[in-house]
Each structure stands twice: as structure tokens, then as C-alpha cells.
Amino acid sequence: MNSGKTPGLYIHIPFCLSKCHYCDFYSSTSISAVPDFLKALVKEMKMYRNMFDVFDTLYIGGGTPSLLTPSQLEDILTSVQKNFDFTSEPEISIETNPADLDRPLLESTREMGINRINIGVQSFDEKVLGLLGRRHSAKQAILAIEASRKAGFQNIGLDLIYGVPGQDVNSWLDTLRQAVAFSPEHLSCYQLTLGAKTPLGVRYQAGEFLMPGEELQYEFFIKTSEFLEDAGYIHYEVSNFAKGTKYVSRHNQKYWDHSPYLGLGPSAHSFQPDRRWWNHRSLDQYLAAIKAENLPVEETETLTMEQLRLEALYLGLRTKKGVSLYDFKNRYHYDLFAEKKEMIDRLQEEGLISIQDGRLYPTQTGLAVADSLALI
Ligand code: SF4
């Protein structure tokens with residue numbers, strides 16, 4: 001299967017200065033290993049030099065990329081340019097923690113050509129930030145957003161979390177109100193999930209607090225969507241909102257429509273039709289593999305047509321633009337409408353999907369329960 005789509009490049013910076021209480025992403029707080037990691041990253045780039053065509057997005061995520069110094073970030077971008085080709089106007093994004101966003105870092109990231117900044121605000125409520133174990137205050141978040149604008153960022157995304165224990169819908173809407181006041185071009189609103197081994201997960205299992213039940217979660221979701229659509233945002237994916245189609249994340253779109261992507265750094269995933277592979281999660285194993293001149297790949301899987309189909313449907317129904325029945329048939333050799341007519345009729349009756357102009361769309365309620373919408 002050749003998707004004919006332009007690939008995206010992802011770089012995972014696996015370091016954080018401290019661990020947030022809800023997070024079970026892989027990241028290390030041993031920042032003395034940063035120089036070794038950066039050397040290994042450059043070697044990994046060289047290993048993939050000729051494997052992918054021209055990219056049109058670069059996403060520097062983590063972990064916390066903003067804990068790197070401006071010159072370390074510049075070295076990464078210089079190596080990226082040496083090893084990979086890009087289209088003329090690539091989307092170049094960086095994930096940041098508000099506590100790190102001082103003027104020198106912001107100005108140098110702009111000068112390096114980074115044109116999209118994601119700020120991990122999570123909440124404007126100090127109590128929520130404390131419970132989540134974030135290392136920044138609401139005040140720092142406000143200053144970081146203002147400083148990003150002043151530094152010339154015209155594409156600012158704010159990451160927020162709802163469904164925090166003890167939070168009610170009104171206090172969450174308060175955070176949204178404050179976020180929207182800055183007119184960010186993009187908002188990601190994630191429902192809090194607790195890994196069992198995280199400090200908050202352990203406290204939850206010990207019965208220290210309750211998590212919002214299904215009904216309350218649904219209310220959070222619907223109120224978020226209504227509030228942000230009223231404020232002029234497009235709710236284009238379960239957790240993502242953009243101030244117009246121009247600001248939809250081009251990079252994240254690649255994960256949802258089976259475009260190829262290359263992921264570098266520990267735990268990063270890559271996809272090239274019809275193969276997916278992922279790197280060692282642990283920094284030590286990643287460094288050891290590169291030192292031995294091997295790709296740091298932990299595992300590779302070849303996806304069958306049926307797996308691809310399932311994924312395409314699952315991911316497509318998490319987006320507002322849904323799934324084109326015609327494209328689906330061409331790409332995955334499956335006539336969804338003919339093969340799954342009964343199921344489609346039932347989901348339509350339940351108000352979870354609709355069909356218009358040859359596309360299958362999730363309704364607002366369908367988006368809220370998108371995780372359970374796969375049909376085949
Ligand atoms: S900053 Fe992000 S990656 Fe790091 S611990 Fe917090 S949530 Fe996890």
C-alpha cells in the first residue's frame with residue numbers, strides 16, 4: 001500500500017525536570033544524560049538519512065523539549081536539515097513547559113524557524129496544578145503565553161486537562177475562559193487518565209479520591225465542545241480544537257490518516273505503509289543500541305489489511321471530517337457501506353454517526369464515545 005502522503009518527522013526528547021503525578025509517558029529526570037542523548041540522536045538521524053522522502057512537518061515533543069538550551073535545540077535543527085529534506089513551508093512544532101519559556105529561549109526558537117509552540121498549561125487553577133504535580137504556576141503559564149506572542153509566535157497551542165478529581169464543570173469552564181482570552185490558535189483538551197503506577201494512580205487505588213464517573217465525563221466533554229465552538233473554534237478531533245482549518249495540527253493529522261512518519265528518540269513510533277516500528281522505551285537501551293551502530297528499534301510489526309482497516313476506521317471516527325466511503329474502499333479494499341450496513345444503520349439510529357455526501361461522520365455524541373465506535 002502506497003499512501004502517496006507526505007511524511008512527518010517526530011523527535012522525542014525523553015527528559016523532564018520532575019515527573020508530574022499523573023504521567024506514565026517515558027521520560028527521565030537524569031538530565032546529565034542530555035549530551036549523550038543528543039549525540040545518539042544525530043547518529044540515529046544519519047541511519048535514516050535516505051529512507052524517507054521529503055517531510056512537511058517536524059514535531060519536537062517529549063518529555064520536555066523546552067528544558068534544552070537554545071544551542072542544544074539549534075544543534076538538533078541543524079542536524080535535521082543536514083539529514084532530511086523538507087517542503088518549502090513546513091510546520092515545525094515544539095512542546096514546552098511554561099516554566100521554561102524565558103525570552104532568550106523563545107526568541108531563539110523563533111529564529112530557528114520553529115513556527116508552532118505548544119504550551120503545557122494544563123490548568124489556570126493553582127489547586128489543580130498542585131494536585132497534578134506540575135512544576136509551574138498559573139501565573140507562569142500566563143507570562144509564558146504572553147511572552148510567546150511577544151516573541152512573534154502566530155500559532156500558539158495550549159494543552160489543558162479536565163476531569164481532575166474534585167474539579168467541577170464550572171471550574172473547568174473557568175480555565176477554558178482564561179485560555180480563550182489569549183486567543184490561542186489551537187487548544188488540546190485531554191481527559192485525565194491515571195496510569196496505575198503513577199503517584200495519583202496509586203492514591204486513587206488506595207481510595208483517597210474518586211474519579212469523575214461516565215456521566216460527568218460526558219458533561220465535561222460536551223460542555224468543552226459547546227464552549228469552544230461558541231468561541232469560534234472547530235472541534236476537529238476528539239481532544240483538539242483549532243481557530244480555523246489553517247491551524248489544524250498538520251503533524252498530528254498524519255497519525256490519524258495513515259500518512260508515513262518517522263519517530264526518533266526513545267519510545268518514538270514510526271510508520272511506513274504497511275509497517276510500524278518503535279524504539280526502545282528506556283534511554284539506556286536506546287543509547288546502547290546506537291553505540292553498537294544498530295537502529296534502536298525494539299519491535300516491528302507488519303499490519304494486515306484488516307488491521308489497517310480497523311485502525312483507519314477507529315482513527316477516522318475520532319475526527320470531525322470522518323471517513324470517506326469511496327477512499328476507504330479504494331485504499332483498504334472494503335466496501336464499508338455494503339459490508340456493515342446493519343451496524344451503520346444502528347449507529348445512525350442511536351445518533352452516533354451520520355452519512356452525508358459519501359462520508360461517515362461521528363456526531364457530537366459519537367465523538368464523545370469515539371473509543372467504542374469501531375465497526376469491523
Ligand atoms: S512534563 Fe509531560 S512528559 Fe514530563 S512528566 Fe509531566 S506530563 Fe509527563
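Which residues surround the ligand? I started my notebook with that one, and I kept in mind that this is a predicted model.

**Entry 1: the ligand**
I looked around the ligand and listed C16, S18, K19, C20, Y22, C23, G63, T64 and R134. I then sorted this shell by residue type and got four nonpolar, three polar and two charged residues.

**Entry 2: the cysteines**
Next I wondered how many disulfides the structure holds. I found zero disulfides. For C189, the nearest cysteine sulfur belongs to C20 and is 17 Å away. A disulfide needs the two sulfur atoms within 2.5 Å, so this pair does not qualify.

Is C189 buried or exposed? I looked up its relative accessible area, which is 2%, so C189 is buried. I checked C20 as well, a residue I had already met beside the ligand. C20 has a relative accessibility of 15%, and because the cut-off for buried is under 20%, C20 counts as buried.

**Entry 3: two domains**
I turned to the domain assignment, which gives domain 1 as 8–256 and domain 2 as 305–373. Taken over C-alpha atoms, the centres of domain 1 and domain 2 are 29 Å apart.

How many residues of domain 1 are in contact with domain 2? I noted twelve from domain 1, which touch eleven residues of domain 2.

I also looked up the area buried between domain 1 and domain 2, and it is about 1000 Å². Carbon and sulfur atoms give 57% of that area. On the domain 1 side, I wrote down Y218, V238 and W256, which supply 40% of the area that domain 1 buries against domain 2, more than any other three residues.

**Entry 4: charged pairs**
My last look-up was salt bridges, and I counted two between domain 1 and domain 2. I also noted a salt bridge where the side chains of E237 and R318 meet, at 3.6 Å from N to O.

Methods:
Residues are numbered from 1 along each chain as its sequence is written. This is a predicted model: local features need pLDDT of at least 70, side-chain atom pairs count only at pLDDT 80 or more; totals for chains, interfaces and linings use all residues. Side-chain values use heavy atoms; hydrogens and water are left out. Buried means under 20% relative accessible area, exposed over 50%, partly exposed in between (1.4 Å probe, protein chains only). A residue is near a molecule or strand if one of its heavy atoms lies within 4 Å of it. Ala, Val, Leu, Ile, Met, Phe, Trp, Tyr, Cys and Pro count as nonpolar, Asp, Glu, Lys and Arg as charged, and the others, Gly among them, as polar. Domain bounds come from an automatic or database domain assignment. Contact means heavy atoms within 4.5 Å. Buried area is the accessible area (1.4 Å probe) that two parts lose on being put together, summed over both. A salt bridge is a side-chain nitrogen of Lys or Arg within 4 Å of a carboxyl oxygen of Asp or Glu.
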